[in-house]
Amino acid sequence: MKRFMLVSACLLASLAILRAEKPVKVDLLLTAAHVVTMDQELHIFEPGAVAIDGGRIVAVGPRADVAGRVRAARKTDLGDRWVMPGLVNTHTHIAMNLMRGLGDDLELMEWLTKYIFPLEAKVVDARYVYEASLAGCAEMISRGVTTAVDMYYFEDEVARAVREAGLRGWLGQTVIDFKAPDFATPDDSLAYTEKCLVKWAADPLVKVIPAPHSGYTCSPETLRKSIALARQHGVLMTTHLAESQKEVADIQKKYGRTPVQHLAGLGVLGSDLLAAHCVQLTEADLQTLKETGTSVAHNPDSNLKLASGIAPVVAMRRLGIPVGLGTDGSVSNNRLDMFHAMDLAAKIHKLRENDAAVLKAAEAVRMATCDAAAAIGAGGAIGSLEAGKQADLIVLDLDTPMLQPVYNVYSHLVYVAHGESVESTMVAGRWLMKNRKLTTIAPGRLKEIYERYSRLMKASLEGQQ
């Protein structure tokens, strides 16, 4: 009902602009050959226009109609370009960007315990997290991501980097039951989480949220305290859940339940929880996720690379479980490219279900835009191009010989386009990248970060491989 009311309100607001007798003043009018809205009816306007004022969308529709009803301070004709909502990455570890290519070709638990955790203990500090997060933000901006859900350490530093880059973020402070790079105890991590949560609560772009790592690295007490903190402040919480068979076996042995039923028994599941992965699920687990309103972040690339399996996403979607797409971190993916995630998701579930007609291209795009926004409780503000929503959008250049001709917009976005097709990225009406040039992060700064940490990583890995 709330979603229907929101869509109706946005539609009415847009119609009001289009029917206004006097032109409405706006900051910017974008016109393009293709405007892909991802609204409830999946409207596509060819040619189309988006009117923006004060960082919000004022009107979307056919180019002639919108252009005739607004008086824009600035007008930008994008020609043959495509405009669509910015992509929402529902699960990543932004600061792991500088670990890309390390510890490849390993199973999840071996990768974590023998490689990643020891490496993080050596190199991760506040400065590393801030600078690595800047690098990760630059990659996401260049690939059309406008919103990210993060999980890492020193999350105040992540927030600082994300805000500087201009992205929108739900930034999860990791809480874990052993000594982490930032804190020695989970209670210390939770105290820091609350401090950061309060500090960033009023920020229009970023929020810090609790992120207990998982049911196998956090005690029941830690999980209860984490969700209690989230609910006390009315924010989202995120955690890893049912990612691998070993996790299921370990939780079953220790608690006598599946990971999903374990968290359900602790009162952790709910519409305020975003559970990453959810690969190894029973039918009862699926019903529990549905009944509790828990959302899922699907990460097809890392699930395949770490041999965790293929999540039952088709079954989840049929049950009405909110599912958004994620890239996971660069060290387990190894790229923050949501176009690749869309392509992979659309294909692997056809194989899993033995049905080429399931998870069609348009559904994959929804999982990276409006469905992802709904999964993090932000469907009223982002995820589609509609009047009243935030002006988070991207511009794609698909007018090259190898990407033509175009017969079906969604098919092209999923099976043909890639992150390098993104030409410009906007968040809240501000260009973070224009004509493939970053506007908020200097390329020279990125080069210095990459070179310095490359040397540090190589030195830290001596004797570990």
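**Following the salt bridges**

Let's start with one pair: Glu420 and Arg143 join their side chains in a salt bridge, with 3.5 Å from N to O. The term salt bridge means that a side-chain nitrogen of Lys or Arg is within 4 Å of a carboxyl oxygen of Asp or Glu. Glu420 sits in the loop between α16 and β17 (422-427) and Arg143 in the loop between α4 and β9 (145-152), so this pair ties together parts that are 277 residues apart in sequence. Helices (H or I, at least four residues) and strands (E, at least two) are DSSP runs, numbered from the N terminus. Both partners are partly exposed: Glu420 has 42% relative accessibility, and Arg143 has 22%. Here, buried means under 20% relative accessible area, exposed means over 50%, and partly exposed lies in between (1.4 Å probe, protein chains only).

A word on the model: it is predicted, local features need pLDDT of at least 70, side-chain atom pairs count only at pLDDT 80 or more, and totals for chains, interfaces and linings use all residues. Residues are numbered from 1 along each chain as its sequence is written, and side-chain values use heavy atoms, leaving out hydrogens and water.

Now look at helix α4 (residues 126-142), where Glu131 and Arg127 are four residues apart, about one helical turn. Their side chains form a salt bridge at 3.4 Å, N to O, and Glu131 is buried at 10% relative accessible area. These two also belong to a network of salt bridges that links Arg127, Glu131, Glu448 and Arg452.

Finally, Asp397 and Arg81 meet in a salt bridge of 3.7 Å, N to O. Asp397 is buried at 14%, whereas Arg81 is partly exposed at 22%. Across the whole structure, the search finds 23 salt bridges.
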